[in-house]
Amino acid sequence: MKKLLIVLSFLSSFALGFAQQSQFTNAESSDALFVQGKELYLAHNFEGCITLLQKFKSLNQQSKQQEETDYMLAVSAFETEDLDSKKILQEFIVQYPYSLKKNRVEFLIGSIHFFSNDFKNCIQSFKSLDVKALSSSELVDYDYRLAYSYLTVDSAKEAQLIFRELMHKGGKYGDAATYYTAWYDYQAKDFDKATSGFESIAKNAEFSENARFYLTQIHFIKKQYPETIQLGEAIYTNHRNLLHKAELARIIGESYSNQGDVSKAIEYLTEYANQDKTPLAGSMYKLGSAWFAKQDYPKTIEYLKFATTNNDELAQSAYYYLGCSYLKIGDKIDARLAFEIASTLNFNKKTKELALYNYAMLIHETEYTGFNESVTIFEEFLNTFPESNFSDKVSGYLAEVYMNSKNFETALASIEKIKHPTNKILSAKQRILFQIGAQELINGNSDRAKKSLTRAIEMGNQENESYAESHYWRGEIAFQEEQYADAASDFQTYLNKTQANNKENQLLALYNLGYTQFKTQQLSKAQNSFEKALALGCKKNPILTADILNRLGDCRYYLKDYAVAENYYARAAQTSEVSADYSLFQQARILSLQKQFNSQIKLLDKIILDFPKSDFQDDAIFEKAQTYQRIDRKDDAIQSYSDLISQFPKSSLARDAAIQLGMLFLSLENIDKSIEWYKFAITSSPTSDEAIVANEDLKRIYKDQNRIGEYAQFLKTLDGKINFSASEQDSLMYLGAEKNYMKGNKATAERGFMDYLKEFSNGAFSLNAKYYMAMLNIDQKKETEALSYLQNILSLPENKFTETALSYSANIAYNKNEFDKAYDFYKTIEQKSETNKKRIEVREKMMLCAWATSKFNETERIANQLIEDVKSDVDIKMEARYYRAKSTIAQQKIDNLVNDLTILATDTRNTNGAEAKYLLAEYYFNADNSKKAETEIFDYINKGTPHQHWLARSFILLTDIYIKNNDLFQAKQYLLSLKNNYKEKDVEIEQMIEERMIKVQ
C-alpha cells in the first residue's frame, strides 16, 4: 500500500511541478521555492518537495531555512524509500546535533533498520531517542517495531511486555500483538492463556493458519488426541507453511498411534517422514512400531533405524525391536548386532535382559566367535541377571560355549574364575589348554606350546580326544628337540588313547613313533610301527606312503635283509616320484652288496638320466665309478670320476673322486696324472679330511720318486696357511681339549682350546680348535666372540667347517636384525649347498631377509622357488605364499595375489592366515567389488581367529563398505559392536574407530 501511495504521489507531484515551472523561473525571490516545497511536504507530496527544496538549496547556500530544508529533504528521502535515506538522515544529525528534530530523525533511522531486518541496530537506535517527543501514531509504530525487534533477538521478556500493552490498546497492531502474546504464552507453557489468545484471532486471515496450528499443538501437548486429530485434519490439507505441515502430520499421526489406530498412524507419520529430512526419533519409533504391529518387518526396520540416533531408553527399545524384526526376516547377523547394542544400554533393565539373552542365543546358534563374545556374553548374563528365568538355560550353554571357543586364552581365563567347575567345564578347560598348545605350536612357540599341552595332560583324562591329542603334539615337540624317548612315550600314549576310527591321526602317530625308534636304532620296533602305519592305508598321500616304504626299506637294509629291503624300495619308487631317486639309489646299493654290478650300473644310470636335479646325482656318479673300479673297468671308472668332478666340483665327493683318480693313475703307473689329481684334492679344500689323506699319498709318491724338492715347492704354493705335520705336543694338547669338550666339560675344554691356539695359532688342529671355540661362545650367547672365530674360519680356504660357519654367522646376523649381511651369508650357503633340503632351508631365510630389507622383487623370486619346489613342505610353501602375496601388494601387482591369499586364508588360526583373510577382503574392496569383500568379512567373522587385530581391521573395512554405500546406520552398528567388544589396547584400531564414528554421526 505504501509503495502504491508513493507512486500516486509521484505522478501528482510531477504534474504539479510541470504546471508551476514557469512561475519558478519568473519568481522575484527564491523564497517562493522554499514555501512551495514546504507546502508539498505537508501535503505528503515528497517527490515534488524534494525537487523544489533541492532547487531552493542550490540557490541559497546560507539560508536561515537551511536546517528545516535539510530536515524536510531527509524525511522525504525516507518516505520515498531512497536507498541513501539512512545516510541522509545520519548526515542531518551530524550537521545539526542539537536540532529539535533529531529525535524524530533517530526514529526514522531505527525504522530503516527495522525494515532492513537489522533488528539489533533498530533496538539501538530506538533506545537512544526520547519517546515523549514522538507523535501518538509514531509511538504505536515505535512500540510494535521495537517489540518485534526484541522478538527476533530472543529478548522475550521485553518483547512480551510491549506486545501485551499493544494488545490491550488494540488499534492497527492489536491482532498482531495478540498473536505474538499468545505465542509467548505458548512458549512459556501457559497453554490456557495461549489458547485464549489464539482463539481470539483465529478468524483473522493473516494469523488464522498459524493460530490454528498452535491450537492443534496445545491439544496434542495436553493429550487431547481426538481434538488434535479433528482440528489438525481440518487445517492439514490447506496449510501453506511446509514446516508446520510436516509437524501437523507428525502430531496427527502420533495422536492416532496413541489411540491405537495403526493404519492412520502409518498414513500421517509416513507423510511426516517424507516431508522432514531429520525426523524426530520418537515419531519414527511410533511409525516403526506401527509397522511391527502390522507384521511388516522390512518397513519396521526402515523406520526404527531413525529412532536409534540418541543414547536413551527410546534407542534401547528401538534396537531391541530392530533385533526382533531382523530375526523375523532371517537376518541373524543384523539381529545379533541390534540385540548387542540394546544389551549395552542401561535405561530399561527388562529390555536389557531380553536383548542380552537374545544376543547370547544368536551367538550360540550361529557359532559366532568374533572377539570371544561366545564366552563373555553368557557370563555377563549370569552375573547381571542371576535371578532371570533364562539363567538355567544360559548356564547349560556356557559349558558348550567353552568347548567351542576359538579365542582360547580368554576362555581359559574365564574358566579359571569359576570356583566350583562341573565336569563339563573341566572337559572344556582341557580342550582349551590343548587348543592353546596346538596354536602356539603352529605359531612356532614350542616352549609355550609344551607348557600348555603338559597342563592339559596333567588334568588327567577329562576329555579323551584332547587328552590324547595333547600327548601327540607334545610328542612332536620332543621329536623336534631330539628327545626321542619322551617323544616315543607320548606317541605311544596317544595311540593307546585315540579312537580306533581315527585312522588319519593314528597313521601319523605310528609314522612319528617309527621315526623315533629308527633314530634310536630300535630297528625292529621301528619296522613294526611303520608296518602298522602302512596297514592303515594312506592312499590320499602318496608322498607319505613312499616315505614309510623307504623307512621300512632302511630298517631291513640295516638289518641286512636286503631282499625285503629292495622290495620296499621298489614299491616306494613306484608310489611317488618325489622320493623315487632315494629309493632307486638304495636299490642300487643293495645290488652292489649282492654283487650284481651290471644291474647296479644300469640303475645308477637311470637315476642320473631321469632325475637330473636329484640330490643323489653326485652320489650316483661316485657309486658308479666305484663299481667300475671293483670290476676292474678302470677307464670307465676314470671317466665317471672325471664326470663327477666336472659336474659337481664343490661336492665333498669331488675330493674323494680326485683321490680315487690319483690312486687309479698310480696303479696305471701314470705318476704325473696321479700327482695332478692328488694336488687337486688338496688345493680344492686344503683343510679337509680328504686333503690330509691326499697329502699323505702325495708325499709318499714324491718320496718314492725322489722328488721331495717338488713336494716342498708345492707346499710353498699353499702360502704356509696349512701345516700338514702335527708335532706330538700339538696333537696331545689339542686332543686333551677335544676330549673334555666331548665329555661336556665345556669350561675346561674352552681353557684347553684357548691355550692350544695361543701356543699353536697355525697348528694342524687350529681350524678344529677355532670351530669348537665358536660353538662354546654360541652356547654362552657370546655372539660377538663367536663371530670372531667364525670369521677366522671363513677367511681360510674352503674347509670342512665353511658351511657350518656360514650358517652360524648368518643366523647371528639375522638375530641381530642385520638382514643385508645375513642375506649375503645365506646366499653363499645356497650356492655351496649339496642337498635340496638344505637349499630349501636357506632360501626360506633368504626370503625373510629380502622382505625385511624391502627387496620385494627378490622376495617374490625366492618365494616362487620355494612354492614350485616339490620337496618344500606344506608349512614352507604357505609361508612363501604369504611373503609372495605381501611382496605383490608392495609392488602394486596382482600376479598370483588372489590365489595366494585365498589359500592362506583357509586357516585363520595362524598369524599369516589371519592377515591374509583381511588382505583378501581389502583387495576386493579396492577392486570395487564391495559385495565380494563383504562376503569374505562375514566368513571371517563366522570362522573367528585368535589374532584379534586382523579381525578388528576387517570390522573397520566392513564399515568402510557401508559408508561407501551410504548405509551409515549399518556402519555405525558395526563400529559400536567393535568398540564394545575389542578389548585389546590397540591405538591404531581406536583411532580408526573414532575417525569413522565422525563420518556416521
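**Pocket.** I looked up the second largest pocket first; its volume is about 670 Å³. A pocket here is an open set of points on a 1 Å grid over the protein atoms alone, where a 1.4 Å probe fits, with protein on both sides within 12 Å along at least five of seven lines. Lining residues have an atom within 4 Å of a point. The volume is the space filled by probe spheres set on the points, which are joined across faces, edges and corners. Of the 28 lining residues, K613, S614, D615, N836 and R839 are the closest to the centre of this pocket. I sorted the lining into 14 charged, eight polar and six nonpolar residues. Charged is Asp, Glu, Lys and Arg; nonpolar is Ala, Val, Leu, Ile, Met, Phe, Trp, Tyr, Cys and Pro; the others, Gly among them, are polar. α46 gives the most to this lining, three residues.

**Model.** I am reading a predicted model, where local features need pLDDT of at least 70, side-chain atom pairs count only at pLDDT 80 or more, and totals for chains, interfaces and linings use all residues. Residues are numbered from 1 along each chain as its sequence is written, and side-chain values use heavy atoms, without hydrogens and water.

**T300.** I found T300 in helix α17, residues 297-304 (helices are DSSP runs of H or I, at least four residues, numbered from the N terminus). T300 counts as buried because its relative accessibility is 0% (buried is under 20% relative accessible area, 1.4 Å probe, protein chains only). Beyond four places in sequence, T300 touches G288, W291, F292 and S325 (contact is heavy atoms within 4.5 Å). The C-alpha atoms of T300 and G288 are 4.4 Å apart, at twelve residues' separation in sequence.

How values were computed. Helix = DSSP H or I, 4+ residues; strand = E, 2+ residues; numbered from the N terminus. Buried < 20%, exposed > 50% of the residue type's maximum accessible area, 1.4 Å probe, protein only.
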